[in-house]
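Student: Before we go through the cavities and pockets, could you show me the sequence and the structure? I would then like to ask about each of them in turn.

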Amino acid sequence: MAENKPKVATACMCGCSGCHMSFLDVDEFVKDLAELVEFQSSHVIMDVKEIEKVDIGIMEGTITNDENVEVAKKMRENCDILVAWGDCACFGGIMTMRNFEKVDKILEECYLEKSDEESVVPDDELIPTLTDKAKGLDEIIDVDVYIPGCPPSADVIRYGLEKLLEGEIPKLDKDKLRY
Ligand code: SF4
């Protein structure tokens, strides 16, 4: 019965969704997974934005703005095991290249100095505010499982999920890592 299945939520911070695409590359295992777990939210599967209480929370991407911080904390509060998928979530990834410069300088360069036309730095209240630095998840919240890679391969994502569903914390040997 659905209520006996482990509940899973996945969320994307600032990433390219490549880790979620790799997840979809598990092919027919998605069908098995649909029998084994109940997805509470996952932007590649369903249009549910609220994060509710789940057994496994999976996060992709770097923390780069205040909305990411809020979602990451909400996921941490609502899941028993928190999994970081991919180098961005595990270590900060390619987004941390912006950490060599101050946020104001980056915005000015992108929107004013490099613009061909008269431009302004967007400041609509709906646009999340950038954090001072781009950060991996564990600079904001506790992470229980790291599945690195850019992206992690579908096999490694599957291995991680299978181990978690067996009640184990997956351990990744170096032959399972991809950079
Ligand atoms: Fe994209 Fe790589 Fe970051 Fe995953 S780890 S979100 S594939 S850049």
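**Loop residues, cavities and pockets**

Student: Arg-98 lies in the loop between α4 and α5; is Arg-98 buried or exposed?

Tutor: This is a predicted model, in which local features need pLDDT of at least 70 and side-chain atom pairs count only at pLDDT 80 or more, whereas totals for chains, interfaces and linings use all residues. Residues are numbered from 1 along each chain as its sequence is written, and side-chain values use heavy atoms, with hydrogens and water left out. Buried means under 20% relative accessible area, exposed over 50% and partly exposed in between, with a 1.4 Å probe and protein chains only. Because its relative accessibility is 16%, Arg-98 counts as buried.

Student: What is the relative accessible area of Met-97?

Tutor: Met-97 sits in the loop between α4 (86-91) and α5 (103-113), where helices (H or I, at least four residues) and strands (E, at least two) are DSSP runs numbered from the N terminus. Met-97 is exposed, because its relative accessible area is 58%.

Student: Which distance separates the C-alpha atoms of Arg-98 and Ala-134?

Tutor: Along the chain, Arg-98 and Ala-134 are 36 residues apart. In space, their C-alpha atoms are separated by 7.1 Å.

Student: How many cavities of 30 Å³ or more are there, by this rule?

Tutor: On a 1 Å grid over the protein atoms alone, a cavity is a set of points where a 1.4 Å probe fits but cannot get out, and lining residues have an atom within 4 Å of a point. Points are joined across faces, edges and corners, and a volume is the space filled by probe spheres set on them. The largest cavity has a volume of about 50 Å³, and the second largest holds about 40 Å³. Counted at 30 Å³ or more, the number of cavities is two.

Student: Which elements give two or more residues to the lining of the largest cavity?

Tutor: The lining includes Val-8, Thr-10, Phe-23, Ile-56, Ile-58, Trp-85 and Leu-165. By class it has ten nonpolar residues (Ala, Val, Leu, Ile, Met, Phe, Trp, Tyr, Cys and Pro), one polar and no charged, with Asp, Glu, Lys and Arg counted as charged and the others, Gly among them, as polar. The elements that give two or more residues to this lining are β1 (7-12), β3 (54-60) and α6 (154-165).

Student: Which element gives the most to the lining of the second largest cavity?

Tutor: Ile-58, Val-83, Trp-85, Ile-147, Ile-157, Gly-160, Leu-161 and Leu-164 line this cavity, and they divide into seven nonpolar, one polar and no charged. At least two of them come from β5 (79-85) and at least two from α6. With four residues, the element that gives the most is α6.

Student: Which element has the largest share of the lining of the largest pocket?

Tutor: A pocket is an open set of points with protein on both sides within 12 Å along at least five of seven lines. The largest pocket holds about 460 Å³, and of its 18 lining residues the closest to its centre are Ala-11, Val-48, Lys-49, Ile-51 and Val-71. The lining divides into seven nonpolar, five polar and six charged residues. The largest share, five residues, comes from α3.

Student: How much space lies in the second largest pocket?

Tutor: Among the residues that line this pocket are Val-103, Leu-107, Tyr-111, Asp-123 and Asp-124, and α5 gives the most, with three residues. The space in the second largest pocket is about 260 Å³.
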